[in-house]
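Biologist: I would like to go through this model claim by claim. For each label, tell me what earns it.

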Amino acid sequence: MPDRLPALDAAQLYGEQPSTPMHVGSVAVFERRSDGFDFDTAMQVIAQRLDYLPRYRTRLLPVPGHLAPPVWADDVDFDLGYHVRRSALPAPGSDDQLFDLVARLMQRPLDRERPLWEAYYIEGLEGDRVALVTKAHQVLVDGARTVDLAQVLLDEGTADRAQVAGEWTPRRMPGWPRLVTDALTDAATKPAELVRNVRFLARDVVSGLGRSARTAGSFAAAARSATAPARTGPARRLNSRVSGGRVFAGVRTDLNTFSRIRSARDCTVNDVIFTVLTGALRNWLESRGQHVPPSASVRALVPTAVQHEDAEFSPAELTTSRLVPYLIDLPVGEPDPILRLQHVAHEMAEQFGSDRPVTARTMVKMGGFAPATMNALAARVAGSLPRRGFNVLIANTPGPQESLYAGPGRLSAIYPVLPLGRDQSLAVGVTSYQGDVYFGLNGDRKAMHDVDVLADMIEESLEELRGNKW
């Protein structure tokens, strides 16, 4: 049977526009090249890890006449040198210069004629550091058969996996007669699938994705809520029509600060993180001269992995079927940071209800850097819901607190990069690693030209919350 792209993924793929590329990325910063993590070594490590990711050597073949969704087929011309590229900043390059380069790399769509991923080895960072920027299309990462490259790239030690890449021989790529025959066979044996394909693949019904998503299990409640427009007022600034340009900023904060506030206020670290983001958004809106009334809120889409009360969460369950797209109203109108935290904690508890989010300890047991895969799945969830149902996508996934390595290179920092929807000018990825909390802010260059200001206000908002007497 052909390895066919699911109809919903195909509809998202066909609905992709040059201004809204649908890839998810990460910015991994490593210690000095003197430790041995040079470009050739990075190439070797990635080549080894592709043995764990066979789909990273496949490309999508469209079916003539759109009789069915495209199929995955081995790329007989696979060229690792095309997918892993070398770049450099003018030494000594700053983090801000790195983030500017990341924005330019992320705004470029992936080549549909090749496997849907790229990686960039970037030299010249001050402190003799290097960065590895990865990006993969969200239809490539399904969590079941394929995880994100960043997850398998990173290990707890420098020699946890085999150091020799295996031999790979591509299978012959099917021609159009085979593609058509397989599509007709599927239609004959699965008539319901044919109806679904026609519904999803017609370009003029791509706008109905939200309605279709509402038929799927755990998406139902959130999608019903998402049919109502997101709050108006100050929040509408986050729903500008997206251009083709991007800006990116990363923020590194101390996890211990979040933990101390959590203990003092009897809440969760997640509550504190979202309160800090709420305060930063409030201050950013005011910095633009926007009046923020006390009742103002920003609606965030927060895809969250949940686990059953009496069952352990396994790596095989790391799929969109286990992600619930919660809609959280962030009280940006509340001037008092402590009351802001109380509002957020109450909203979180009310939204989650009896659902139990997957714990950081469980996520760490999945190996590698699971937040990278979770971010890709969160982007898939966001793409399934009505665009006007929320103002900003926020994905928060805890990561490991022990050192991780890519070959001999020790990871020192990592920032997630989430894609933008057509009417969402900001997406925020949050993760933790080795005692720090990292925020990755991906914004539209026109609507969010001052994303660096918002980044600074995350630190100010955390300090404001910490500065209150406990």
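Modeller: Start with Pro92, which sits in strand 4 (residues 84–93). Keep in mind that this is a predicted model.

Biologist: What makes the peptide bond from Ala91 to Pro92 cis or trans?

Modeller: The omega angle. It is near -5° for the bond from Ala91 to Pro92, and that bond is cis. Most peptide bonds are trans.

Biologist: What is noted about the phi of Asp128?

Modeller: Its sign. Asp128 is not a glycine, yet its phi is positive, about 55°. Most residues other than glycine have a negative phi. Asp128 lies in the loop between strand 5 (117–125) and strand 6 (129–137).

Biologist: Why is Asp128 called partly exposed?

Modeller: Its relative accessibility is 30%. Partly exposed runs between the 20% and 50% cut-offs. So Asp128 counts as partly exposed.

Biologist: Where is Gln434, and what is its phi?

Modeller: Gln434 is in the loop between strand 14 and strand 15. Its phi is near 45°, again positive in a residue other than glycine. At 31% relative accessibility, Gln434 is partly exposed by that rule too.

Biologist: On to the aspartates in strands. Why is Asp329 called buried?

Modeller: Its relative accessible area is 18%. Buried means under 20%. Asp329 therefore counts as buried. The residue belongs to strand 9 (residues 323–330).

Biologist: What makes the pair Asp329 and Arg299 a polar contact?

Modeller: Their side chains are joined at 3.2 Å. The limit for a polar contact is 3.5 Å between N or O atoms. The pair passes.

Biologist: Why is Asp444 called buried?

Modeller: Its relative accessible area is 0%, so it falls under the cut-off. Asp444 is in strand 15 (residues 436–444). Leaving out residues up to four places away in sequence, it touches nine listed partners' worth of neighbours, among them Arg241, Arg246, Leu420 and His449.

Biologist: Which label does Asp254 get, buried, partly exposed or exposed?

Modeller: Partly exposed, because its relative accessibility is 34%. Asp254 is in strand 7 (residues 246–254).

Biologist: How do you know that Asp254 caps helix 10?

Modeller: One of its side-chain oxygens lies 3.2 Å from the backbone nitrogen of Asn256, at the N-terminal end of helix 10. The polar-contact limit is 3.5 Å.

Biologist: What does Asp254 meet beyond its sequence neighbours?

Modeller: Gly435 and Asp436, not counting residues up to four places away. The C-alpha atoms of Asp254 and Val437 are 6.0 Å apart, while 183 residues separate them along the chain.

Biologist: Which residues of helix 10 are buried, and what do they pack against?

Modeller: Leu255, Thr257, Phe258, Ser259 and Ile261 are the buried ones. They pack against strand 7, helix 11, helix 12, strand 15 and helix 15 (451–467). After helix 10 comes Asp266, with a positive phi near 55°.

Biologist: How do you know whether helix 14 has the expected length?

Modeller: Compare two spans. Helix 14 (residues 370–383) has 14 residues, and it reaches 20 Å from first C-alpha to last. The expected span at 1.5 Å a residue is 20 Å, and the helix comes close to that.

Biologist: What makes helix 14 mostly covered?

Modeller: The count: 13 of its 14 residues are buried.

Biologist: How do you find empty space in the model?

Modeller: Rolling a probe the size of a water molecule over the atoms shows where empty space is left. Here the count is seven cavities of 30 Å³ or more. The largest has a volume of about 70 Å³.

Biologist: What lines the largest cavity?

Modeller: The lining includes Val24, Asp148, Phe369, Asn375 and Tyr415. Strand 1 (23–30), helix 14 and strand 13 (409–417) each supply at least two residues. By class, the lining has six nonpolar, four polar and one charged.

Biologist: And the largest pocket: what is its volume, and which residues are closest to its centre?

Modeller: The volume is about 840 Å³. Of the 36 lining residues, Asn270, Val358, Thr359, Ala360 and Pro398 are closest to the centre. The lining divides into 21 nonpolar, 11 polar and four charged. Helix 10 and helix 11 (269–287) are among the elements that each supply at least two of these residues.

Note on methods: Residues are numbered from 1 along each chain as its sequence is written. This is a predicted model: local features need pLDDT of at least 70, side-chain atom pairs count only at pLDDT 80 or more; totals for chains, interfaces and linings use all residues. Side-chain values use heavy atoms; hydrogens and water are left out. Helices (H or I, at least four residues) and strands (E, at least two) are DSSP runs, numbered from the N terminus. The expected span of a helix is 1.5 Å times one less than its number of residues. Buried means under 20% relative accessible area, exposed over 50%, partly exposed in between (1.4 Å probe, protein chains only). Contact means heavy atoms within 4.5 Å. On a 1 Å grid over the protein atoms alone, a cavity is a set of points where a 1.4 Å probe fits but cannot get out, and a pocket is an open set with protein on both sides within 12 Å along at least five of seven lines; lining residues have an atom within 4 Å of a point. Grid points are joined across faces, edges and corners, and a volume is the space filled by probe spheres set on the points. Ala, Val, Leu, Ile, Met, Phe, Trp, Tyr, Cys and Pro count as nonpolar, Asp, Glu, Lys and Arg as charged, and the others, Gly among them, as polar. A polar contact is a pair of N or O atoms within 3.5 Å; within protein, one must be able to donate a hydrogen and the other to accept it, and residues adjacent in sequence count only if both atoms are side-chain atoms.
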